[in-house]
Every structure is written in structure tokens, then in C-alpha cells.
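Trainee: I should like to learn how the features of a structure are read, one after another. May we begin with a helix and proceed from there?

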Amino acid sequence: MKTAEIHLVAVTEANRALVEALKLAPGQMDFVASNADSLAEAETDEDARPRVVMAGDRVVGFLMYDASEDVALIYRFMIDRAHQGKGYGKAALREVLGEIASLGHVRQVSIGYEQENEAARQLYGAAGFVEQGLDEDGEMIAVMPVGDR
């Protein structure tokens with residue numbers, strides 16, 4: 001599968017169970033909330049924008065962001081353990097940044113991750129995010145101006 005075939009789609013009743021079935025590698029379990037919890041949160045948060053990461057017609061990941069303000073926040077991002085290491089995360093990040101930029105009102109994107117999550121640090125740093133420090137929950141916050149991709 002080529003990373004050019006990575007695209008984002010909305011979560012629907014037809015793909016929801018597949019999103020909930022996605023798994024992280026054992027060492028990553030504490031880095032991201034479960035997809036089931038994230039989808040439940042999205043049902044009560046009108047600003048949440050859950051997206052399914054697709055590789056062709058296969059569900060390979062999940063992300064969620066809030067772009068209700070001029071600073072968008074990507075606060076869930078995961079690729080299924082069976083599909084990691086194939087460039088899908090990088091391609092999905094590129095897709096969500098494009099989607100956020102296309103909204104027109106966002107000037108900056110912020111992303112948070114556990115400071116022990118070296119894979120996330122490398123992925124986001126390579127995309128142009130710059131670490132700002134830890135938030136009140138101990139998560140590393142990194143930001144990037146929209147259009148600097």
C-alpha cells in the first residue's frame with residue numbers, strides 16, 4: 001500500500017466497530033486514550049472531529065481534533081500496531097494538517113503527547129512541530145503555524 005493512498009473519512013456506524021478494534025503495540029497502551037473512549041467523548045463534544053485513517057479501503061488508524069478556535073488541537077492520533085512503520089502515520093498527519101488548513105480560520109496547530117513517546121516526538125518534529133514544554137497534565141505540547149508544511 002502506498003502512503004499516497006492514505007486518506008481521512010468521517011466515523012460512521014459502518015466503520016465505528018473497525019475503529020474501536022484498532023490496537024496499539026503493548027508498549028504504547030498508556031500513550032493514547034482508547035478509541036472507544038474517544039468516540040464516546042466525540043458524541044458529547046460538538047467541537048470534536050473524529051477521523052478514520054484509511055489505507056485504500058482498509059481502516060488503519062484514528063485521530064481526533066478540535067478546530068473551533070484559531071489554534072486547532074490534535075488530541076488523539078494512533079495507527080494500528082499491524083500497520084505501524086509503513087509511513088501511514090506521516091501520511092495521515094499530512095492529511096489532517098491539510099484538512100485543518102483548508103478550514104481557513106486556523107493559524108496554528110497544537111498537538112500533545114506523552115513525553116516518553118519517542119516515536120510521536122520524532123513524527124511530529126519531522127513534520128515541523130516545535131516543542132513548547134509540558135502542560136498541566138505532564139504532556140508535551142508542540143505547535144506549528146498553519147502553512148509551514
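Mentor: Helices (H or I, at least four residues) and strands (E, at least two) are DSSP runs, numbered from the N terminus. The expected span of a helix is 1.5 Å times one less than its number of residues. Here α3 has 15 residues and reaches 21 Å from its first C-alpha to its last, close to the 21 Å expected at 1.5 Å a residue. After α3 comes G104, whose phi is positive, near 90°.

Trainee: On what basis are these values given?

Mentor: This is a predicted model, in which local features need pLDDT of at least 70 and side-chain atom pairs count only at pLDDT 80 or more, while totals for chains, interfaces and linings use all residues. Residues are numbered from 1 along each chain as its sequence is written, and side-chain values use heavy atoms, with hydrogens and water left out.

Trainee: Which residues of α3 are buried?

Mentor: Buried means under 20% relative accessible area, exposed over 50%, and partly exposed in between (1.4 Å probe, protein chains only). An α-helix has 3.6 residues a turn, so residues three or four places apart point the same way. In α3 the buried residues are Y88, G89, A91, A92, L93, V96, L97 and I100.

Trainee: Which element gives the most to the largest nonpolar core?

Mentor: A nonpolar core is a set of buried Ala, Val, Leu, Ile, Met, Phe, Trp, Tyr and Cys residues joined through side-chain atoms within 4.5 Å. The largest one has 29 residues, of which I74 and F129 touch the most other members. Elements giving two or more residues to this core include β1 (6–10), β4 (71–79), α3 (88–102) and α4 (118–127). The greatest share, seven residues, comes from α3. Another core, of 13 residues, lies apart from it, with L24, L39, A42 and M64 among its members.

Trainee: What does R51 contact with its side chain?

Mentor: A polar contact is a pair of N or O atoms within 3.5 Å; within protein, one must be able to donate a hydrogen and the other to accept it, and residues adjacent in sequence count only if both atoms are side-chain atoms. R51 is found in strand β2, and it counts as buried because its relative accessibility is 16%. Its side chain makes a polar contact with the side chain of E99, at 2.8 Å.

Trainee: How is a pair of aromatic rings described?

Mentor: Such a pair is described by the distance of the centres and the angle of the planes. Rings of Phe, Tyr and Trp (its six-membered ring) pair if their centres lie within 6.5 Å; planes under 30 degrees apart count as stacked, over 60 as edge-to-face and the rest as tilted. This rule yields three aromatic pairs. The rings of Y113 and Y124 have centres 5.3 Å apart and planes at 50°, so this pair is tilted. It links distant parts of the chain, since Y113 lies in strand β5 and Y124 in helix α4, eleven residues apart. For Y124 and F129, the centres are 6.0 Å apart and the planes at 65°, so the pair is edge-to-face. Together, F77, Y113, Y124 and F129 form one aromatic cluster.

Trainee: In which sense do β4 and β5 pair?

Mentor: Two strands pair if DSSP finds at least two bridges between them. β4 and β5 do so in the parallel sense, over four bridges. The bridge partner of A72 in β5 is V109. Five of the seven residues of β5 are buried.
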